[in-house]
Amino acid sequence: MYLLYFFLIIVGVIILVLVIFGIPRKKSKRRPNIEGLDSPEVVNAFEKVASFLPFRFLRKKVVSEIRKLSPDGKLIDLGCGSGNLIVKIAQSFSHLDLFGMDISSEILNLAKMRAEKNGFSDKIEFKEGSVENLPFPGDHADFIVSTFSLHHWSNPEKAIQEIYRVLKKEGKALIFDFRRDARKFFYGLLTFATKVVVPKPLKGVNEPLGSIKSSYTLIELKEMLSKIDLHEVKVDPYLMFMIITIKK
Ligand SMILES: C[S@@+](CC[C@H](N)C(=O)[O-])C[C@H]1O[C@@H](n2cnc3c(N)ncnc32)[C@H](O)[C@@H]1O
């Protein structure tokens, strides 16, 4: 009997590994998707989803990646959304001067409220603006982080040049985003999340599935970065997302 259970478990594990790692998705064209975060319904729905376990896990991963690069001085979170990450950074690195920036005034209001609620309203400065035209002087930041915003940027090359301009010499940037060339399994997960799990306003804007469909593939991203004059840059691919590390 035990042998049968053992056999079934092994077969189950093999099937799972094959499904997760083995089935590629048909190549697809990038489909830019404007999330519409200015609508209060979408903002509130996004706020709910941001507290779900996978997003909390991702923020933990981001903080641990930041920690590996020993941040110091001024840190900016670009496309900071409702401020979940920048508040977590404030809790984890008390010595940093923090800035959150986003294009949406609606979502920045939530970020400000979150900072206040957690006792960081004096520690985090929020600015409204676009990554393609950053509201910061050159050589200003020691560290720039951005999570799941890149796929919204209308001119990512210009945005990365802007990030480079704003970084101080020896400053570092970490940019996290989905990868469109993720395996089919992850599209299945995000389709399920979009159709079943998330609140109605997010279903209406086809999120989070729309985000992965509007993200870049590893090859597209490397090609884009190769056109920009950067001192040091690398892309680390994970199963569903990629991390770009830039050092000035
Ligand atoms: C999917 S949300 C991610 C929010 C947050 N970084 C997170 O991980 O929870 C994408 C964010 O990027 C912002 N955004 C989109 N385009 C932008 C741009 N050009 N400049 C600055 N922020 C932008 C949106 O308003 C939104 O808050």
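**Exercise 1. Determine which residues of helix α4 are buried, and what they pack against.**

Solution. Helices are DSSP runs of H or I with at least four residues, strands are runs of E with at least two, and both are numbered from the N terminus. Helix α4 spans residues 84-92, and its buried residues are Asn84, Leu85, Ile86, Val87, Ile89 and Ala90. Here a residue is buried if 20 or more other C-beta atoms lie within 10 Å of its own, exposed if 12 or fewer, and partly exposed in between, with C-beta atoms placed from the backbone. Next, contacts are listed, two residues being in contact if their C-beta atoms, placed from the backbone, lie within 7 Å. The buried residues of α4 pack against the helices α3 (53-68) and α5 (105-117) and against the strands β1 (74-78), β2 (97-102), β3 (124-128) and β4 (141-147).

The model is predicted: local features need pLDDT of at least 70, side-chain atom pairs count only at pLDDT 80 or more, and totals for chains, interfaces and linings use all residues. Residues are numbered from 1 along each chain as its sequence is written.

**Exercise 2. Establish the strand order of the sheet and identify its edges.**

Solution. Two strands pair if DSSP finds at least two bridges between them. Seven strands form an open sheet with mixed pairing, in the order β3-β2-β1-β4-β5-β7-β6. At the edges stand β3 and β6 (232-237); each has a single partner strand, so one side of each is left without a neighbour in the sheet. From one strand to the next, the twist averages 15°. At the β6 edge, six bridges join β6 to the antiparallel strand β7 (residues 241-247); Pro237 has Met242 in β7 as its bridge partner.

Helices are then placed on the sheet. Axes are lines fitted to C-alpha atoms, for helices over the stretch in contact, and angles run from 0 to 180 degrees between N-to-C directions. Helix α5 lies across β2 and β3, at about 175° to β3. Helix α10 (residues 218-226) lies across β6 and β7, at about 175° to β6.

**Exercise 3. Describe the largest nonpolar core.**

Solution. A nonpolar core is a set of buried Ala, Val, Leu, Ile, Met, Phe, Trp, Tyr and Cys residues joined through C-beta atoms within 7 Å. The largest has 57 residues, and those with the most contacts inside it are Ile76, Ile86, Ala141, Ile144 and Ile163. Strand β5 (residues 167-178) gives the most to this core, with six residues. Leaving out residues up to four places away in sequence, the contacts of Ala141 include Ile76, Phe136, Val166 and Leu167. In soluble globular proteins, nonpolar side chains tend to be buried together.

**Exercise 4. Account for the surroundings of the residues with unusual backbone geometry.**

Solution. Most residues other than glycine have a negative phi, and most peptide bonds are trans. Asp139, which is not a glycine, has a positive phi of about 50°. Asp139 lies in the loop between β3 and β4 and is exposed, with 12 other C-beta atoms within 10 Å. Asn206 likewise has a positive phi, near 55°. Asn206 belongs to the loop between α8 and α9 and is partly exposed, because 16 other C-beta atoms lie within 10 Å. Pro208 is found in the loop between α8 (200-204) and α9 (209-213), and the peptide bond from Glu207 to Pro208 is cis, with omega near 10°.
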